[in-house]
Amino acid sequence: MANSQAPATSLTGLSASDVAARVAAGQVNVTDDRSSRSIGSILRANTLTLFNLILFIALVLVLSTGRWADAAFGGVIIINIFIGVVTEVRAKRTLDRLAILNAAHAVVLRDGAVQHIAIADVVLDDVAQVATGDQIPADGELVAISGLEVDESLLTGESRPVRKAVGDEVLSGSSVVAGTGTYRVTRVGADGYANKLTAAAKQYSTVHSELQGGINTILRYVSIAIVPIALLLAWSQLRSTGGWATAWEGGHWKDAVVAAVAGVVGMIPEGLVLLTSLNFALAAVILARQQVLIQELPAVEIMARVDVLCLDKTGTLTDGTIALTTLVDLQVDGRAAPGATAASGAREALAALAAADGGNATSQALSSGLAEVTPVPVTAAVPFSSARKWSAIETAQGAWVLGAPEILLAERTDEAAANALAQVAQGASTGARVLLLASVPAGLPDVDAPLPADLVPVTVAVLGENVRPDAADTLRFFREQGVAAKVISGDNPQTVAAIASELGLLGDGVAVEGYDARELPEDLDELAAVLDDHHVFGRVVPEQKRAIVHALQRRGHVVAMTGDGVNDSLALKDADLGIAMGNGAPATKAVARIVLLDGRFATLPGVLGQGRRVMANMERVSTLFLTKTAYSFFLALATVALTFSLGAWEYPFLPRHLTLAGALTIGIPAFFLSLPPNNRRYVPGFLRRVLSFALPVGLVLGVAVLASFAVLRGSGTVPAETVNVARTATTAVLIGVGFWVVGLLARPLQAWKVGLIALLAAAAVGAYTIPWVHTFFLLEPLTAGEWLTVAIVVPVAWVVIGALHLIIGRANDRALAAAREG
């Protein structure tokens, strides 16, 4: 869309016909900023993969032989793709519905009336209004302001808010931190500054998922090794059938192709990626029902890894609602302080300050408490800013400032200041929020200069906060789970500490001391040392919240940050997991990875539970899949080596055998084992723990299969019937030992797990006894002696794998204990 050339004729905004004309011309603010993937990308992600390509080629090769029963693995692939696509699409639709409910809206003037519309419905030349906490919906030029300050750090990297004047440009993706403004939209849609730069406020950096990272590492190495091994295996099977000439003349090439494909199919953990995506999607759907919007699916996992949770008091520990409870007029030398009497206009000034600060919770509480007071007319104003922590107005009777007492009276030791701070301390000790109203003899303060040292403290305003009834239980839960909580607030340190102590931040009955953030060091290492010893911080400015996150991350912590105000957005963006409250500022929700739509702090344990379920269960499931990959690689290499040394050696399975064994001992149990709750604490080292079990167990399984195949096959060139009998027996060995591995990984055993294994074992028996089934899977009848071989090999493998499980389990337990102590 081209830049606008014709300004709006007045502040009445566009007419309905003007809007319709611009919509028809495509001059609308439509952008593709969805938090979920498109259906096309879901289809591509589930179908266009390297492993699916390899399996598709293998499927075509098997079908070319006419042995369609050995192409059954193709059906499994299709089912996997179908399940993956359907699950992710359902999750996408659920998240998209929630995202619509959570979407920010723009305020525009049209036909002289204020309208709230979707950001995508903003058109060129619209007259838009913004206030504190809003995100700029589209680029434009300011036509009216009232102390407007804009945070453009998410676009430009400049951390200081930018003061704006009439005629200045405002950019989409930036956020309002103080004041109000009205502007004419000059660029929309793809032409917007934020969209051209892929603004951080609307686009999300990829979540670092240890689970996905570990699996991708495994898949990368498997994909590198699989092609050369597959070629060697194909050569070995051709040689086993008599070489190229014999293979083509006698049609034995079909046997070689099918056997080689069996090796390739076994090496690919095709269901592992599917189950990972399915579990993330399932967690997102479950949490969506609890009013939790997951803006990136892997963010669920991050919550399981979090070991430090940084909380904002207001809106998290408290519900964000406050009320004016007390106004204390201050005394100096037994007399009312200058400006303290009603006649001098203190109450009227306080009401005017509340009205000037717009719709934040504090100003609303003051306005409600002073509903019967008529605000004094204001000639100039400085809006509240979380960085300054004060606001000011100028009236015909003088100037007034309202803000944090410690800021207004910084380093003052005179009697008036001492009396005021004593009243402040009394109010703050109850956990209330306390503000100070002071008169300014020198006139309206300059925002770029320190406050005057001669402010006259006039009135202390005490605002009571409502503590969330579930906050104490939620803090106790995280404390018991080993997650440290840090309360970071812009309020008085005593106020914050009082509430944290009341809620039992460090334990029931344990008093917490508040730390004044104005004394925090700037060096990150020194800051980290302070964070080790303190847990509650007051008078924190936005840049310090961000520095606290960085300092904790430097110490190796995985940090989650909750918040609802625009001053939290920078810290939320930099945290490993940003969590925004549903009633928070649009700018805050835009950069968060998780949004608690109902604003309930008590929802977080459920997020942690889902994260732990995904991590712990996928570790168990990954072990199953990678055990198959390990024994398949071993058997492929062993087959190549034996063919080279003996001249002929068939692969121990046909594809249909691996389809049967894989479904019974990996695919079906893995699906069910990935679903139940699992509250095991996260400890780093997912990939190491998985491979420490999968590789040795896969080796034992491979040796057991190879041994039974060698005994029943014999040496030299043998008839096809003998090979089929040996393959039937090795399939029984694989299934029997596979059930044992499932049982070990399913511990602690529960009735439903035992029942699942029993049903699968019954299905295995049916595969060998039901005529049409064993005919389909080419399972030959076995003699008593052949079953005896199976009966000997399987228990031996059980004993060895059981011993490995015990040894490896104890080693992992020691590593886990050491990691927790560290």
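**Exercise 1.** In this predicted model, identify the residue of S14 that is the bridge partner of Ala-380, then describe how strands S13 and S14 pair.

*Solution.*
Step 1. Glu-394 in S14 is the bridge partner of Ala-380.
Step 2. S13 covers residues 380-385, and S14 covers residues 390-395.
Step 3. The two strands pair in the antiparallel sense, with four bridges between them.
Step 4. Four residues lie between the strands in the hairpin of S13 and S14, where Lys-389 has a positive phi near 70°.

**Exercise 2.** Find how S14 is joined to S15 and which residue of S15 stands opposite Ala-392.

*Solution.*
Step 1. The connection from S14 to S15 is a hairpin of two residues.
Step 2. S15 spans residues 398-403 and pairs with S14 in the antiparallel sense over six bridges.
Step 3. Val-401 of S15 is the residue opposite Ala-392.

**Exercise 3.** Decide whether S14 is largely enclosed or open, using the count of its buried residues.

*Solution.*
Step 1. A residue is buried when its relative accessible area is under 20%.
Step 2. Of the six residues in S14, five are buried.
Step 3. The strand is therefore largely enclosed by the rest of the structure.

**Exercise 4.** Classify Val-60 as buried, partly exposed or exposed, and place Val-60 in its helix and surface patch.

*Solution.*
Step 1. Val-60 belongs to helix H3, residues 50-65.
Step 2. Its relative accessible area is 41%. Buried requires under 20% and exposed over 50%, so Val-60 is partly exposed.
Step 3. Val-60 forms a nonpolar surface patch with Leu-50, Leu-53, Phe-56, Ile-57 and Leu-61. Together these residues have about 550 Å² of accessible area.

Methods
Residues numbered from 1 in each chain as written. Predicted model: local features only at pLDDT ≥ 70, side-chain atom pairs only at ≥ 80, totals over all residues. Heavy atoms only, no water. Buried < 20%, exposed > 50% of the residue type's maximum accessible area, 1.4 Å probe, protein only. Pairing = 2+ DSSP bridges. Patch = residues over 30% accessible without salt bridge, like charges linked within 9 Å, V, L, I, M, F, W, Y side chains within 5 Å. Areas by Shrake-Rupley, 256 points an atom, 1.4 Å probe, with all protein chains shown as cover. Salt bridge = Lys/Arg side-chain N within 4 Å of Asp/Glu carboxyl O.
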